Amino acid sequence: MTINTTKIETMLAERGLTKAAYAGSCGISRQNVSTILRRGTAEPKTIGKLAAGLGVPVTDLIKE
């Protein structure tokens with residue numbers, strides 16, 4: 001699935017989170033977070049973890 005990487009980066013900046021801190025709250029590695037944001041795609045299960053780490057619904061992260 002395609003994700004809105006700009007929106008994720010913006011949310012991280014608004015919350016003052018580093019990618020490492022974000023990765024910790026998502027339960028995935030920092031390297032994996034960086035790769036996902038660079039590619040702009042992820043598996044649905046991973047998008048669920050990314051959304052949970054930011055406390056937002058999955059629909060907020062999906063690019064339409």
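**Helix H3 and the H2–H4 packing**

In this predicted model, helix H3 spans residues 30–39 and has Val33, Ser34, Ile36 and Leu37 as its buried residues.

Visitor: What makes the buried residues of H3 line one face of the helix?
Guide: Viewed along the axis of H3, they fall within an arc of 165°, so they line one face. Gln31 and Arg38, on the other side of H3, are exposed.

Visitor: What covers the buried residues of H3?
Guide: The cover includes helix H1 (5–15), helix H2 (19–26) and helix H4 (44–54). Just after H3, Gly40 has a positive phi of about 85°.

Visitor: Why is Ala23 called buried?
Guide: Buried means under 20% relative accessible area. Ala23 has 2% relative accessibility, so Ala23 counts as buried. Ala23 belongs to helix H2.

Visitor: Which residues is Ala23 in contact with, leaving aside neighbours within four places in sequence?
Guide: Ala23 touches Ile28, Ser29, Arg30 and Val33. Val33 is also among the buried residues of H3. As for Lys49, 26 residues from Ala23 in sequence, the C-alpha to C-alpha distance is 9.3 Å.

Visitor: Why is H2 called roughly perpendicular to H4?
Guide: The two helices pack at an angle of about 110°, with their axes 8 Å apart. Angles of 65 to 115 degrees count as roughly perpendicular, so H2 is roughly perpendicular to H4. Tyr22, Ser25 and Cys26 of H2 make the contact with Lys49, Leu50, Ala51, Gly53 and Leu54 of H4.

Visitor: How many residues of the contact of H2 with H4 are nonpolar, polar and charged?
Guide: Five are nonpolar, two polar and one charged.

Definitions and conventions. Residues are numbered from 1 along each chain as its sequence is written. This is a predicted model: local features need pLDDT of at least 70, side-chain atom pairs count only at pLDDT 80 or more; totals for chains, interfaces and linings use all residues. Side-chain values use heavy atoms; hydrogens and water are left out. Buried means under 20% relative accessible area, exposed over 50%, partly exposed in between (1.4 Å probe, protein chains only). Helices (H or I, at least four residues) and strands (E, at least two) are DSSP runs, numbered from the N terminus. The arc is that of the directions from the helix axis to the C-beta atoms. Contact means heavy atoms within 4.5 Å. Axes are lines fitted to C-alpha atoms, for helices over the stretch in contact, and angles run from 0 to 180 degrees between N-to-C directions. Angles under 35 degrees count as roughly parallel, over 145 as roughly antiparallel, 65 to 115 as roughly perpendicular and the rest as oblique. Ala, Val, Leu, Ile, Met, Phe, Trp, Tyr, Cys and Pro count as nonpolar, Asp, Glu, Lys and Arg as charged, and the others, Gly among them, as polar.
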